[in-house]
Every structure is written in C-alpha cells, then in structure tokens.
Amino acid sequence: MKATIERATLLKSLGHVQSVVERRNTIPILSNVLLEASEDGNLRLMATDLDLQINEMVQANVSQPGATTVSAHTLFDIARKLPEGSQVELHAANGKMQVNAGRARFNLATLPRDDFPVIAEGELPTAFELPAATLRQIIDKTRFAISTEETRYYLNGIFLHVTEGEGPAGASVLKAAATDGHRLARVTVPRPEGAQGMPDVIIPRKCVAELRKLLDELDGSVAVSLSESKVRFGLGTAVLTSKLIDGTFPDYNRVIPTANDKLLKIDPRSFEEGVDRVATIASEKTRAVKMSLDRDRITLSVTSPENGTAAEEVPGDYAADNFDIGFNARYLLDILGQIEGDTVEVHLADAAAPTLLRENDNAPALYVLMPMRV
C-alpha cells in the first residue's frame, strides 16, 4: 500500500477513529487502526473495540492500493506532531509501514489486515434521518443523567423509543431518556419519517460520547439505521456502528410526578449561580443544598461540618406553603445548565417526593430530581 495524504485530513480523521481505541488492550489488533487505500483515491480508516466501530473515508493520492493495520494512538501522535501543511506519505510493505513527511521518517510495525475484526451489522430494518441539531439536543439534554454504575448496565445509555399519540394533534413522538436512579432527563421530538415500528433501544454511553464528538462537525442530517441489537449512524464521511445494550430499560414514566401542586418559577441563571456559590463549601460526601421556600423568596443554604455554612437569597415566583427541601448540588447544576429559556418551572410536592423541572408545558425537555435529606 502506498498513499499520500494531507496532514490536516489525516489528523482530523485519526482524531475521530483513535478515540474508539482503548488505551489498554489484551488483543493487540484492537490497538490498531485499519488503513485501506483503493484505486479510486479513497483512504478508509477504521477502528473498533468489538462493541463500537468507526469507519471514515478520506481523499488521498493512492499510487499503490492495499491495506494494513498500525497502532492508532502512535499514528495519531505522529500526525499531531508533524509540521502543518505537510504531505504525509504512508507506505506499507513486508510487515512494516513507513510514514514520511518533510524530513521526518518513521518506521512502524504493522499487523495483517485479515486479522482486523469487523462488527457484522446484519439486517437493520428501521431507517430514518434526524437533523444533526436535533440529535445534538437529544444527547446534550440527557447524557449527564446516564448511570455509570456497571451493575445496573441497562441504565448505562440513552433509551430511545417511539410512543403513539402524544404529540400535537395526536402525532407520534420519539423520546430519549436517561436516568441513574437519582435524576431523570427526557427529551421528546416529533417522530421522524421511517421510525414507526422501531424497537425500543438503549444506546451505550461510549457510543453516545463518540457520536456527540462527530456531530460537532456536521450540519446536515444523520442517517440512523437500527435493529434490536445494533445501531448505525451515517455522518457525512464517517459511519459509526455500535452494539446496543441488551437489557430492559425501566418504566421511567412511573417516576415522573403528575400531581406536584407547589410551583416555583425562577430565573435559571440566578438560581444556578446561587446554587454554585453556596455549594462551594459543601463537602464531597454531602453535596446537599437546602432550599427554604417562602413567598417569592428562596433561601439556598449549605451546612458543612468541616467548612462552615453559606446562604444566599434568590428571587423567585412562589405562592404555595413554606417548606424546606434538599438537593444534590451537582445534580441540580447539571439540570439548570441545560435550561435555555428565561424561566424554569420547579414543580414540588413535599420534602421527600420527586421534583419536576422544565422550562414550560411545551418544552421538549423534562427533568425529575430526587430530593436529599437535609
């Protein structure tokens, strides 16, 4: 194989694929990126961890078609350190690959292309398109609530499912939800054409992270194809394929409160800044911020045995009974960080019941937060 490629093109593409590769691998081939040069001037780069696979096509000047695999992180580090604007020559033969650029020469060990594993997608019967902006919104507004607890593996991703008749005029909607048992985030968007009859799927956390990185550079639409066990995202020149989490996501609708009768309307920015300030003294163990609700006045306070106390008043629109409730400051800040409007509605019941937060009735995103004892 022999191909010449511009450094910027190689670096950008390697940046996409190498982040899939785990730093520590017991199987040597999984540390490698597959490079496949074809006669039509395309260079394919591919990396996998057996659960997630990324495949990208870039333009190159191919003088000798062929394929090889080489350490993904090493090649990425080399490309990163090469001079800007340089042309990179990749030449693989006899179990080695030469990387030449300007006066720099590298000779890298390779492994045969035939040993490289490829995820077999099988049939992907459901196919639809989503605007990149919609997919970004879905991920950003839910992924902070994904659980990192490996024992509850079925919560280690974003749950996507279609429900009938819940949109305007009885239209079907696509819902995305994530929860770690302490908080829940859910986004509802109109069901895309082609998503009817789609199986309920859980997209793993690592796939979500890689997908989000690729979406930063994309403006158009993303082609989504899925079955009950695999999902594929077509993002311009890149294709991301992932296994889905094989488990049942809990019925999260049961924890969304419908009868919380105490309503607080508050500016999300001043609320967020107030929580952030008083939480400065919260110890890692407690992280609890107490909210004392009074007529049109909210007092945020933190008491830490090691550090002392902090309190701040925040103006808010509240007309129900006075009471105190506590929340984990980090969780509250994560939710407030996703509120884009000028007002956030906080629907409360009592100090022990789940609390509902959203911008308004029509907002696509909704959040539920479990209180803490304070």
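**Group meeting: salt bridges and one sheet in a predicted model**

Let me begin with helix 6, which lies across strand 19 and strand 23 and runs at about 85° to strand 23; contact here means heavy atoms within 4.5 Å, and axes are lines fitted to C-alpha atoms, for helices over the stretch in contact, with angles from 0 to 180 degrees between N-to-C directions. Helices (H or I, at least four residues) and strands (E, at least two) are DSSP runs, numbered from the N terminus.

Before going on, I should say that this is a predicted model, in which local features need pLDDT of at least 70 and side-chain atom pairs count only at pLDDT 80 or more, while totals for chains, interfaces and linings use all residues. Residues are numbered from 1 along each chain as its sequence is written, and side-chain values use heavy atoms, with hydrogens and water left out.

Now to the sheet. It is an open sheet of four strands in the order 21-20-19-23, with antiparallel pairing, where two strands pair if DSSP finds at least two bridges between them. Its edge strands, each pairing on one side only, are strand 21 (308-315) and strand 23 (323-328), and the twist from one strand to the next averages 25°. Strand 20, residues 297-304, pairs with strand 21 in the antiparallel sense over eight bridges, and Val-302 stands opposite Ala-310 in strand 21. Helix 5 (residues 268-278) also packs on the sheet, touching strand 19 (288-294), strand 20 and strand 21, and its direction makes about 170° with that of strand 21.

Which residue forms a salt bridge with Arg-183? The partner is Asp-334, with the closest N and O atoms 2.8 Å apart; a salt bridge is a side-chain nitrogen of Lys or Arg within 4 Å of a carboxyl oxygen of Asp or Glu. This pair links distant parts of the chain, since Asp-334 sits in helix 6 (residues 329-336) and Arg-183 in strand 13 (residues 183-190), 151 residues apart. Asp-334 is buried at 18% relative accessible area, and Arg-183 is buried at 8%, where buried means under 20%, exposed over 50% and partly exposed in between, with a 1.4 Å probe and protein chains only.

The structure holds 25 salt bridges. In another of them, Glu-210 and Lys-213 meet at 3.2 Å, N to O; they are three residues apart in helix 4 (residues 205-215), and therefore separated by about one helical turn. Glu-210 is buried at 5%, whereas Lys-213, at 45%, counts as partly exposed.
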